[in-house]
Amino acid sequence: MAEQNVPTHGSFAWNELATNDVAACKSFYTDLLGWEAEDMPMGDGTYTVFKKGSQQLAGMMAIAPEWGPVPPNWMGYIAVDDVDEAASRVEGLGGGVIMPPTDIPNIGRFAVIKDPGGAVVSIMTFLPME
């Protein structure tokens with residue numbers, strides 16, 4: 001894995017594409033932007049990391065049937081010091097929690113939220129990288 005620092009609180013730290021056509025999107029972004037694609041096993045599927053040299057830029061995965069009618073989308077992840085604490089304040093600030101804080105093994109803990117205007121974003125506490 002490429003060397004990374006833990007993102008600072010409040011910074012956009014990751015972007016992730018959820019799609020119904022992984023092969024077409026992999027080809028599209030590698031050809032358009034010169035990214036490299038590295039596939040990694042993930043549970044029952046594959047997670048693709050887009051890179052430029054050794055720098056990891058974004059991830060991609062297939063939309064799972066159990067997600068329901070989710071359209072293809074890019075999701076931004078904003079780093080927070082404590083995702084559980086931040087998620088507990090979302091509703092009081094006029095937003096909503098779509099997915100409560102959930103662990104991603106060896107990566108960190110995230111939640112999907114919406115702001116008062118309805119825009120969706122993820123907040124995440126990243127584990128320190130070794």
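Reader: What makes up the area that the protein exposes?

Author: The protein exposes about 8,000 Å², and carbon and sulfur atoms supply 56% of it. Accessible areas come from the Shrake-Rupley method with a 1.4 Å probe, and for residues only the protein chains shown count as cover. This is a predicted model, in which local features need pLDDT of at least 70, side-chain atom pairs count only at pLDDT 80 or more, and totals for chains, interfaces and linings use all residues. Residues are numbered from 1 along each chain as its sequence is written, and side-chain values use heavy atoms, with hydrogens and water left out.

Reader: Why is T48 called buried or exposed?

Author: T48 has 1% relative accessibility. Buried means under 20% relative accessible area, exposed over 50%, and partly exposed in between (1.4 Å probe, protein chains only). T48 therefore counts as buried. Of the 130 residues of the protein, 33% count as buried.

Reader: Where is T48 found, and which residues does T48 touch?

Author: T48 is found in strand β3, residues 45-52; strands (E, at least two residues) and helices (H or I, at least four) are DSSP runs, numbered from the N terminus. Not counting residues up to four places away in sequence, T48 touches V22, K26, A37, E38, D39, A58, G59 and M60, where contact means heavy atoms within 4.5 Å.

Reader: What makes the pairing of T48 with D39 a polar contact?

Author: A polar contact is a pair of N or O atoms within 3.5 Å; within protein, one must be able to donate a hydrogen and the other to accept it, and residues adjacent in sequence count only if both atoms are side-chain atoms. The side chains of T48 and D39 make such a contact at 2.6 Å.

Reader: Why does E85 count as buried, partly exposed or exposed?

Author: The relative accessibility of E85 is 37%, so E85 counts as partly exposed. E85 lies in helix α2, residues 83-90.

Reader: Why does N106 count as buried or exposed?

Author: N106 reaches 69% relative accessibility and therefore counts as exposed. N106 lies in the loop between β6 (96-104) and β7 (108-114). Phi of N106 is near 65 degrees, a positive value in a residue other than glycine.

Reader: How does the radius of gyration of the protein stand against that of a compact globule?

Author: The radius is taken over C-alpha atoms, and the globule rule is 2.2 Å times the number of residues to the power 0.38. With 130 residues, a compact globule would have a radius of gyration near 14 Å; the protein has 15 Å, which agrees.
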